[in-house]
Every structure is written in C-alpha cells, then in structure tokens.
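Please open the model in your viewer and keep the sequence panel beside it, since this tour moves by selection from one stretch of chain to the next.

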Amino acid sequence: MEDIEADAARLYEGCRIKGGLSLPDMTDFEAVRGLICFKPVNRERNREKLKSMPHRDFLDLAIVYFVPVTIGGEKSGTITVTDHMFRLWQTDEETLYGYALENTRRLYPVILQSLEDVIRDVMGDDAPEGLFPERDGIPAVPLYVLRCNKGDMSSAAAILYGDILREFGQEHGNFYILPSSIYEVLLTPAGPGPADGRYMCGMVRAANTEQVLPDEVLSDNAYYYHADTGAIEIFS
C-alpha cells in the first residue's frame with residue numbers, strides 16, 4: 001500500500017498544473033474585452049452549437065468567439081463565448097468582432113511559409129531534395145501554409161487577417177485558399193482556367209476524407225481570392 005501511495009503521489013506531482021489556473025471574470029465585459037478572440041468553424045457541422053453562441057457567417061463557415069485561459073503561466077485553454085455571457089455584457093456583435101479582430105492579431109500572430117519550408121523545418125537534415133518535383137515539365141503547385149503561431153484549434157483564424165491576404169495577392173495575383181483543417185489554411189496562386197479550381201476542390205475534399213479527423217474539418221470547399229478587390233468567394 002505504501003508503494004501504491006508513493007506511485008500515486010509521484011504521478012500527481014508530474015501531472016498537476018504548476019503555476020495555477022487563471023480564469024477571467026466572464027461576467028465583466030471590461031475585464032475580458034482585451035482577451036476576446038475569434039476563430040472560424042464549419043457552420044454546418046456546428047449548427048446546433050451555434051444556436052447558443054454569438055457568431056457571424058463567413059462563406060460556409062461561422063466565426064465564433066472565445067477567451068484564452070492561462071494554465072501554468074501559458075495560454076493553453078479557452079472559454080467559448082455563449083449567448084448567456086453575451087447578454088450579460090450588454091454589447092453588440094459588431095463590437096465583439098472589433099475587439100476579437102484586434103486581440104486575435106495581437107495574441108495569435110500569423111505565420112506564412114511555403115509548404116516546402118514547413119516540411120524542412122520539421123524534418124531538418126532528413127528532408128529529401130526535390131520535395132515537389134516537376135511532372136512532364138509542369139512545375140508542382142506552389143503551396144503556402146497560413147496559420148497562427150500557436151498551432152492550436154484557433155490557428156485557422158489567420159484566414160480572417162485581411163492585410164495578410166491582400167499582401168499575398170499583391171505578390172501573386174488571384175489565388176485559392178484551401179481550408180485544409182482548423183489548424184491552418186493553404187494558399188496557392190490561381191491558374192488560368194476553371195479546371196484548376198476543380199482540382200483545388202478535389203484536393204480539399206480528398207484531404208478531409210483521407211487525412212483530417214472529422215472534428216478538425218474546416219470546409220469541403222476551396223475559396224477564390226480576387227486580388228483586385230480583396231473579395232473572397234466559394235469556388236463553384
């Protein structure tokens with residue numbers, strides 16, 4: 001019994017939250033307005049949940065709000081903003097969105113890298129040469145990974161950073177946005193014809209079927225960004 005107690009104590013010491021759990025007063029808007037963030041989720045897959053939380057539609061997604069929670073000195077948890085909290089705050093959704101846009105940009109800075117560079121960062125010296133070779137003289141599709149620096153379930157919020165998309169469009173022209181998962185989106189310059197768009201849609205749906213867990217699916221569609229106007233639309 002003494003050995004079991006000692007093992008239990010060691011296990012607890014190794015797993016317990018060190019530094020404490022810091023929870024903001026969610027009933028006080030002034031206390032949380034500098035922390036409110038947003039993230040996109042699949043609207044259809046979250047239809048029931050959305051009935052009880054403030055949100056706004058964006059393409060086939062919904063933008064929902066949350067407050068990061070500090071655990072052990074690091075922001076590693078979240079509290080979803082519900083209709084109950086929203087009513088207590090006595091504010092409007094437009095104000096909520098404005099704070100969330102500012103806070104998310106500050107707390108979750110963006111990372112934009114070529115997919116090849118991402119793979120090399122992960123694999124290091126083990127990364128093979130020619131990761132994306134040409135086929136029949138046609139260069140591989142250039143893909144760029146856009147995500148927030150935390151790499152967590154709110155990382156696809158980077159799709160809402162209009163200035164980042166605008167700068168990418170200024171450099172590459174019109175481009176596709178591939179919502180690969182809740183963790184990131186992929187950007188790739190647009191080709192000359194609609195067949196290119198159908199190929200992009202096929203890539204997204206194949207990845208969702210074969211590689212992405214159901215709870216991590218962001219969308220089954222590809223989006224098209226118009227560099228001249230900054231408009232985003234679902235490719236069809």
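Two strands are taken to pair if DSSP finds at least two bridges between them, and the strands themselves are DSSP runs of E, at least two residues in length, numbered from the N terminus. Bear in mind throughout that this is a predicted model.

Begin by selecting residues 175–181, which form strand β8, a mostly covered element in which seven of seven residues are buried. Then add residues 184–189, strand β9, which runs antiparallel to β8 and is joined to it by five bridges. The connection between β8 and β9 is a hairpin that passes through two residues, and if you centre the view on Ser181 you will find its bridge partner in β9, Glu184.

Next, keep β8 displayed and select residues 223–225, strand β10, which pairs with β8 in the antiparallel sense over three bridges. Here the residue to pick out is Ile177, whose bridge partner in β10 is Tyr223.

Now move to residues 37–42, strand β2, and show the side chain of Asn42. Is Asn42 buried or exposed? Asn42 has 9% relative accessibility and therefore counts as buried, the cut-off for that class being under 20%.

With Asn42 still selected, display its polar contacts: its side chain reaches the backbone nitrogen of Arg45 at 2.8 Å, while a polar atom of that side chain lies 3.1 Å from the backbone oxygen of Leu218. Finally, show the residues that Asn42 touches, leaving aside those up to four places away in sequence, and you will see Leu61, Val217, Leu218 and Ser219.

Notes. Residues numbered from 1 in each chain as written. Predicted model: local features only at pLDDT ≥ 70, side-chain atom pairs only at ≥ 80, totals over all residues. Heavy atoms only, no water. Buried < 20%, exposed > 50% of the residue type's maximum accessible area, 1.4 Å probe, protein only. Helix = DSSP H or I, 4+ residues; strand = E, 2+ residues; numbered from the N terminus. Polar contact = N/O pair within 3.5 Å; in protein donor to acceptor, adjacent residues only side chain to side chain. Contact = heavy atoms within 4.5 Å.
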